[in-house]
Structure formats: C-alpha cells, structure tokens
Amino acid sequence: MIDYSKVLNPAVTQIKPSGIRKFFDIAATMDDVISLGVGEPDFQTPWSIRKAGINSLERGRTKYSANRGTIELRREISAYLKRRYNIEYKPETEILVTVGGSEAIDGAIRAIVAPGDEVIIPQPSYVCYEPITSLAGGVPVIIETKAENDFKVTPEELKNAITPKTKALILPYPCNPTGAVMEKEDIEKIAEILKGTNIIVISDEIYSELTYGDYTHVSPASIDGLWERTITVNGFSKAYSMTGWRLGYACGPEALMQQITKIHQYAIMCAPTTSQYAAVEALRNGDEAIEKMRAEYDRRRRLIVNGFNKLGLTCREPKGAFYSFPCIKSTGLSSEEFCEKLLESKKVAVVPGTAFGKGGEGFVRASYCYSTEHIIKALERIEEFINEL
C-alpha cells in the first residue's frame, strides 16, 4: 500500500478546505434550505453577451487564441479601463486574459513570491490569497481590519506590517465579505507609505462595478506612484453575471506581465475562446445591463442591512460587492456555532466570518445576490432563530 502522507506535498495538505464551500455542501444535502451563502449573481448573463458566444460557436471560432487572449478582447479591456477608471494599459504587452480572476491572482502571486517572501493580506477577505501565498512558499502576513475602521487598511496597520521581507500587498477592494471600499484618499496614503520600496500591489477589483451610494470605485493604478507597482486583477463573473464563463484578466507593467504570462502559457495556454468573444460584447455594450443589475443589488442591499439591524445584529453599510457582514456577537455564539445552529434549526445557510480569516470571528457573511422574496424569507427565519436563543 502507498503511504500517501509521504507522497503528497505538505504545503497542500496543510491548507484547510474553503469555509464557504463547507456550509454550501451541507446545505445541498438538506431540503427547504434558504441559502445566502454563495456569491453568485442570480441574473442570467445578458442575452446579447450569450448571443455573441453562441454566434462564435456557430461560425466555428473554436480554435486556440493567443496566449495573452485575442487582441480584439485585449483592446476592448484597454478601452474599458481607460473609460471607467482612467488607467492605461497597452493591449499588446500589458494585458493578459485569464481563466477567471482567480487564475490572475494565482499567476501574479507565483510570479512575484519566492520562498520566505512576505505578502501582506488584509482580512477578512476572499479565501484564496493566503493559501496561494503559502503554496508559492511565501509567508502570509495578516492585517486584521476592524469594523470601527469600516474594514479598511489603515496607514498605521500597513506600516507595522512591512518588513525587509515584504514582497507584495494584496488590496481586495471592494471587499468580499465585508463590502468595504477604499476611498481615493485612503489609497493615496498607501501610495505614500510604499514610495521608495519594491513592494508590489495586487489589486483585486472583481467587484469594481458593484458600488453604491455616492461611492465610485477608484483603481489603485490610477493613483500617482502606484501604476508602476500595481497588478490590476478584474474579470467578468460578477459585473456581467458570467461566473460560468470563467474569464478574467490581469494588467500591469510589461516587466511583470511577461513573467505572469509565462506561468499562464505553461499552466493554461489560453482562456476559452467562446468566452472571449462573449466578453468583447460585454465590454462594448454591457453598461446598461450592469446598471440594471447594480440598481437591483442596491435595493436588496438596503433590505438586508435594515433587516439585520432591526434584528439587533449590527450591520454596517456595505459600499461595494454584494455581501452584508452582520455582527452576531450579541447572540453569545461564535461564528461557526451561529451558522451551524441556524442551518440545523431554521435551514438558513450563511457563512461564518472566520471562513475569511480569524478577524471575521463574531460576524457572518450573508449574500444579497438573491431575490427579494428569498432574502425576506431568510430574515424571517433568522428572527425566529434569534428569538428562540
């Protein structure tokens, strides 16, 4: 018999499975579950985008594309980023089309991080940054952002985290799970701290189109002094409801993108061509669809935030993404206990804040990319649950 413990890479076996999927998988085995757990839009991909993908198949456009993606799509990405966020990238050398934003993050970290290098990761945040850093041999350095600071990275926290071994800083804004955003002045303070260093910023902007109120997303690469040290990661999953199309992109200075592209060449080769043709249509004609979806998310956002606050579960206003992050400390339960008991007794699935880092203790993530009726039913069951505690 093979002793698999001696075969498997310890760096892999030591990684914990995703805490998001844990509760989703349990809920999938139960009947009559109302889930607020998964961050997937409930909208169909807009028809014009689907039609573009279908047309590409009917025309037999099913061959490999260039490693970096079709030049047509890269030009559209370049024009979109200039139009929306005032950042400029050369389509030929500074843009790489990837299999979702996740591949872009993985490639960026692997291209930069050598064994022993430190990567600063604000948490609570998306689950992939820390394990990818560990797989690259890097050392995750966690900044536990705080509710009283609206879950932003403060200049003091960043200064304290930087050491001579710091290689990169992750900026995951708008943030999953907190809905936090960074204002222009917040990013300018970070730029000042990083001045004179070789620290690279990996800016995960997958939720950049989903912002609310008077806030409009500010891309770090648009701030003086940050373009040359920033890798901008974005994609089509959230803004265009294209999760299953698996398409994202990374942009940055040519010297960085050359190395990320090499990883992509050997690991992936190219992103799906059908998805690339659909994405061209999304960028050219998708603004109206984004606006309609964002307006609906905003309505649901206000509904769920008001609902949690009425239940005594303090919930700060998320200014981006499509997640609420209510505090459940008043129940006397840990995040894990709250989610387990709620699922067991009321068949409502939310995700413990600890799935996104230790700083998430005392919070849960509830997505509002579900219908109004779905959210209302979930809130009613949560109210019953709290009353019975």
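Helices are DSSP runs of H or I with at least four residues, strands are DSSP runs of E with at least two, and both are numbered from the N terminus. The model is predicted, so local features need pLDDT of at least 70 and side-chain atom pairs count only at pLDDT 80 or more, while totals for chains, interfaces and linings use all residues. Residues are numbered from 1 along each chain as its sequence is written, and side-chain values use heavy atoms, with hydrogens and water left out.

**Exercise 1. Salt bridges within helix 11**

Task: find how Arg299 and Asp298 are each paired, and state the spacing of the partners in helix 11.

Solution.
- Step 1. A salt bridge is a side-chain nitrogen of Lys or Arg within 4 Å of a carboxyl oxygen of Asp or Glu. Arg299 meets this criterion with Glu296, where the closest N and O atoms are 2.9 Å apart.
- Step 2. Arg299 and Glu296 are three residues apart in helix 11, so about one helical turn separates them.
- Step 3. Asp298 pairs with Arg302 in a salt bridge of 3.7 Å, N to O. Because these two are four residues apart in helix 11, they too are separated by about one helical turn.
- Step 4. Salt bridges with shared partners join Asp42, Glu296, Arg299 and Arg300 into one network.
- Step 5. For accessibility, buried means under 20% relative accessible area, exposed means over 50%, and partly exposed lies in between (1.4 Å probe, protein chains only). Glu296 is buried at 18%, and Arg299 is partly exposed at 44%. Asp298 is buried at 18%, and Arg302 is partly exposed at 46%.

**Exercise 2. A salt bridge between distant parts of the chain**

Task: locate the partners of the salt bridge between Arg294 and Glu209, and decide whether each is buried or exposed.

Solution.
- Step 1. The search of the whole structure gives 23 salt bridges. One of them joins Arg294 to Glu209, with the closest N and O atoms 3.6 Å apart.
- Step 2. Arg294 is in helix 11 (residues 287–310), and Glu209 is in the loop between strand 6 (200–204) and strand 7 (230–235); the pair is 85 residues apart and links distant parts of the chain.
- Step 3. Arg294 is buried, with a relative accessible area of 14%. Glu209 is buried as well, at 1%.
- Step 4. Another pair with a sequence separation of 85 residues is Ala295 and Leu210, whose C-alpha atoms are 9.3 Å apart. Ala295 lies in helix 11 and is partly exposed at 43%.

**Exercise 3. Polar contacts of Thr166 and Glu384**

Task: identify what the side chains of Thr166 and Glu384 reach.

Solution.
- Step 1. A polar contact is a pair of N or O atoms within 3.5 Å; within protein, one must be able to donate a hydrogen and the other to accept it, and residues adjacent in sequence count only if both atoms are side-chain atoms.
- Step 2. Thr166 is in strand 5 (residues 166–171) and is buried at 9%. The Thr166 side chain reaches the backbone nitrogen of Thr163 at 2.8 Å.
- Step 3. Glu384 is in helix 13 (residues 372–388) and is partly exposed at 39%. Its side chain is joined to that of Lys346 by a polar contact of 3.4 Å.
- Step 4. Glu384 and Leu311 are 73 residues apart along the chain, with their C-alpha atoms separated by 10.0 Å.

**Exercise 4. Backbone geometry**

Task: list two cis peptide bonds and two residues with positive phi, and place them.

Solution.
- Step 1. Most residues other than glycine have a negative phi, and most peptide bonds are trans.
- Step 2. The bond from Gln123 to Pro124 is cis, with omega near 5°. Pro124 is in the loop between strand 3 (118–123) and helix 6 (129–135).
- Step 3. The bond from Tyr173 to Pro174 is cis, with omega near -5°. Pro174 falls in the loop between strand 5 and helix 8 (184–194).
- Step 4. Ser241 has phi near 55°, a positive value in a residue other than glycine. Ser241 sits in the loop between strand 7 and strand 8 (248–251) and is buried at 6%.
- Step 5. Ala321 is not a glycine, yet its phi is positive at about 65°. Ala321 belongs to the loop between helix 11 and strand 9 (323–324) and is buried at 0%.
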